[in-house]
Amino acid sequence: MRSRTARHKEASNFDLKYQNDDATPVPWHPGAKKYFAERGVQLK
């Protein structure tokens, strides 16, 4: 599997510490919630 940055240059600016419920008005997809949880990111 290719890295995020190999797929899209802007992905290099993605930081898990900024991903939370306040970061988006759209509900998180269940797969995204699982991804974040596996990496220790707490979502409400």
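How many salt bridges does the count come to in this structure? The count comes to two, by a rule that asks for a side-chain nitrogen of Lys or Arg within 4 Å of a carboxyl oxygen of Asp or Glu.

Before selecting anything, keep in mind that this is a predicted model, in which local features need pLDDT of at least 70 and side-chain atom pairs count only at pLDDT 80 or more, while totals for chains, interfaces and linings use all residues. Residues are numbered from 1 along each chain as its sequence is written, and side-chain values use heavy atoms, with hydrogens and water left out.

**The whole chain**

Begin with the protein in a cartoon view, where the secondary structure comes to two helices and zero strands; helices (H or I, at least four residues) and strands (E, at least two) are DSSP runs, numbered from the N terminus. If you then switch on the surface, its accessible area comes to about 4000 Å², with 54% belonging to carbon and sulfur atoms, as computed by the Shrake-Rupley method with a 1.4 Å probe. Of the 44 residues, 11% count as buried, where buried means under 20% relative accessible area, exposed means over 50%, and partly exposed lies in between.

**The salt bridges**

Select Glu 38 next, which is exposed, with a relative accessible area of 53%. Add Lys 34, which is also exposed, and you will find a salt bridge between Glu 38 and Lys 34, whose closest N and O atoms are 3.8 Å apart. Both residues lie in helix H2 (residues 30-38), four residues apart, about one turn of the helix. Now add Arg 39, which is partly exposed at 43% relative accessible area, and whose side chain meets that of Glu 38 in a salt bridge of 3.5 Å, N to O. Lys 34, Glu 38 and Arg 39 are thus seen linked in a network of salt bridges.

**The aromatic rings**

Finally, turn to the rings, among which a search of the whole structure finds two aromatic pairs; rings of Phe, Tyr and Trp (its six-membered ring) pair if their centres lie within 6.5 Å, and planes under 30 degrees apart count as stacked, over 60 as edge-to-face and the rest as tilted. Select Trp 28 and Phe 36, whose ring centres are 5.0 Å apart with planes at 80°, so this pair is edge-to-face. Then add Tyr 35, which forms an edge-to-face pair with Phe 36, at 5.5 Å centre to centre and 75° between the planes. Phe 36 is buried, with a relative accessible area of 4%, whereas Tyr 35 is partly exposed at 27%. With Trp 28, Tyr 35 and Phe 36 all selected, you have one aromatic cluster in view.

How values were computed. Buried means under 20% relative accessible area, exposed over 50%, partly exposed in between (1.4 Å probe, protein chains only).
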